[in-house]
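Here is a dialogue between a visitor and a guide, who go through a structure in questions and answers. Please keep the sequence and the model in view while reading.

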Amino acid sequence: MGIDEIKPGMKGFGKTVFSGDSIENFSVEVLGVLKNWETKADLILIKMTGGPLEETGIIAGMSGSPVYIDNRLIGAVAYGWSFSKEAIAGVSPINEMKSTLFDLPEENGSKLFPSPEWELPLPPANTGEIIPQTSLPKIQDEAINHPGHGIKIAPIISPLIVSGFSGRALEEMNPFFSAYNLYPLQGGSYAATSATYPTRLVPGASVAAVLIKGDLNAAVVGTVTYVDGDQVLAFGHPFLHAGTTNIPMATAHVFAILSSHSNSVKMASPVEIIGQINQDRRSGVAGTIGTFSRMIPCRIAVDGTQNIEYSFEIVDNKLLTPVLVLMAAQGAVAATEKKLGERCVDIQLFAKIDGYEKPLILKNSYYEFNQTWFSIDEIAQCFAMVINNQFQEITVQEIDLKINILNLRQTASIEAIQARNNHVRPGDELSLDVLLKPYTGNDIYKTIQIKIPEDVLPGDLLEITACDAKFSKSLDMGRAAGRHLPVNFEQLLDDVCDMERNNNLIVRVLLSKNGLTYKGEGLPSLPQSIFSIMNNVGQSGIGPLMGEIITKVPTKYVLNGKQSIHVLVK
């Protein structure tokens, strides 16, 4: 039925699942049509009654429930108002859904983002401040503090049903998911089979967008609006508003309706993957039955108080993959490790990239006072930067994350540096002693041999610095910033894999000779004539490069501090 045929007072019915797999009808009365409520979009206003709706109000998971008048489909239940006392909903017109989701040109090589995304919108790291946590979506917090702000139309919250995760891990990720109108809810896994629950995707049936499958599970539950052959429309509003996408589509089983004054929700679980969600746009999602999405094999191993390992598959999506890896890692750690107290964490993320013999390896060590998640966040940010790179599309074949936790403070400060000779000659080996002071431990001396280049000039004063990773990175940005501005994917991969590690003692000898960086590559030993030409060529991509000898010595400590001396070349 077209939008122009719909009048206030018309009555009809809708279809959804309140329990199990049985599709039930509920009554509908049209209150009016909101014309052009969004740009070039109309919304049908209805009041719903019947079933549990008088007690529950609108139920999260109803998104997509088809609504009929005179046995003709008018659209999908999709929007609601916060803290509404009645089940009053906004319906996305079916003809808008069909035109924006079915009648689309083919997109080849489409990207999730219109421009390169270099930072993933992860939740902020815990700084130690105690902040009251709530399982309510962010919109409810605003409504409590500012009552007028809660009375707004918004897409019906979609339940993100997860299993294998701790409640605390979900709380940490709640700011991210609430931004996408998802409501994390602990539920069941794929224990049910299609033989037990023989659900088909028909109008009114429950449908799930599967994000994680295996030892850990996560799926977003909604309702099917319309089916045409093997083509399916659902939700009535965006899932992530990602455009062309590639997410597994599954049938789902509803166990119960959890009634709440703030948000009632369907407790459900996915049953069987039977297709792919390939469009995610303003008026809903579209999928194809019989077409299947690729998922990335993933393994997370935690070696700490207990040794625990998770194996699962994760959706192949630029935005979601790093976030879900982060959530899975937090859940794995929170399941066995203490929340309060000191600890040292070693993390290594290994990812194999299609077409590249060299894997992505992100490895570092951290000290944490209480469970801040900063260490896992930093690794996830680097991973997100690689898969959202601006140079080329990449395919991640597998992800392997190892987390080792030592429940004590294993840190040391860099207290002093001393050269065994107060001068050197070109070509000499310089012996340096670096004093490390472990926390509550005895002093440790590290002896480091530095080969002085043959071409240093007599009279030069060498600046020698022993420092931690943080200070070394700041020196790099001043002395060779161009090396950290990659111009192709290979340079980006090298730069990320070569991250400064917090357990390395880094000794940097600053030389008097200068070089250049050109398009991300360091050119430290240019002849003076070439140096002069390139330095004055007036072309972008050329930057300064100060001559240095850099030595990195691994230790078992997370280091902090810096010390410097000067040595004369004779």
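The exchange below takes up strands, a helix contact, a cavity and a loop.

Visitor: What kind of model is this, and how are its residues numbered?
Guide: This is a predicted model, in which local features need pLDDT of at least 70 and side-chain atom pairs count only at pLDDT 80 or more, while totals for chains, interfaces and linings use all residues. Side-chain values use heavy atoms, with hydrogens and water left out, and residues are numbered from 1 along each chain as its sequence is written.

Visitor: Which residue takes a positive phi in the hairpin of β1 and β2?
Guide: Strands here are DSSP runs of E with at least two residues, helices are runs of H or I with at least four, and both are numbered from the N terminus; two strands pair if DSSP finds at least two bridges between them. Strand β1 (residues 11–19) pairs with strand β2 (residues 22–38) in the antiparallel sense over eight bridges, and Lys15 stands opposite Asn25 in β2. Two residues lie between the strands of this hairpin, and the one with a positive phi, near 65°, is Gly20.

Visitor: In β3, what is the bridge partner of Leu34?
Guide: β2 also pairs with strand β3 (residues 41–49), in the antiparallel sense and over eight bridges. The hairpin of β2 and β3 has two residues between the strands, and Lys40 takes a positive phi near 55° there. The bridge partner of Leu34 in β3 is Leu43.

Visitor: Do β19 and β21 run parallel or antiparallel?
Guide: Strands of a sheet pair through backbone hydrogen bonds, either parallel or antiparallel. Strand β17 (residues 295–303) is joined to strand β21 (residues 396–406) by six bridges, and these two run parallel, with Val302 opposite Ile403 in β21. Between β19 and β21 there are 10 bridges, with Glu398 in β21 as the bridge partner of Lys352, and the direction of β19 and β21 is antiparallel.

Visitor: Which element gives the most to the lining of the second largest cavity?
Guide: A cavity is a set of points on a 1 Å grid over the protein atoms alone where a 1.4 Å probe fits but cannot get out, and lining residues have an atom within 4 Å of a point; points are joined across faces, edges and corners, and a volume is the space filled by probe spheres set on them. The structure holds six cavities of 30 Å³ or more, and the second largest has a volume of about 60 Å³. Its lining includes Val325, Ile347 and Phe383, and at least two lining residues come from each of α5 (320–336), β19 (342–353) and α6 (374–387). With four residues, the element that gives the most is α6.

Visitor: How do the residues of that lining divide into nonpolar, polar and charged?
Guide: Ala, Val, Leu, Ile, Met, Phe, Trp, Tyr, Cys and Pro count as nonpolar, Asp, Glu, Lys and Arg as charged, and the others, Gly among them, as polar. Under this scheme, the lining of the second largest cavity has no polar and no charged residues, and its nonpolar residues number 10.

Visitor: Is α6 roughly parallel or roughly antiparallel to α8?
Guide: Axes are lines fitted to C-alpha atoms, for helices over the stretch in contact, and angles run from 0 to 180 degrees between N-to-C directions. The axes of α6 and helix α8 (residues 489–497) come within 10 Å and cross at roughly 170°. Because angles over 145 degrees count as roughly antiparallel, the relation of α6 to α8 is roughly antiparallel.

Visitor: Which residues of α8 make the contact with α6?
Guide: Contact means heavy atoms within 4.5 Å. The residues of this contact divide into seven nonpolar, no polar and no charged. On α6 they are Cys382, Met385 and Val386, and on α8 they are Phe489, Leu492, Leu493 and Val496.

Visitor: How far apart in space are Pro238 and Asp280?
Guide: Pro238 is placed in the loop between β13 (231–234) and β14 (243–258). Leaving aside neighbours within four places in sequence, Pro238 is in contact with residues including Tyr79 and Asp280. Pro238 and Asp280 are 42 residues apart in sequence, and their C-alpha to C-alpha distance is 5.7 Å.

Conventions
1 Å grid on protein atoms, 1.4 Å probe; cavity = no way out; pocket = protein on both sides within 12 Å on 5 of 7 lines; lining within 4 Å. Parallel < 35°, antiparallel > 145°, perpendicular 65-115°, else oblique.
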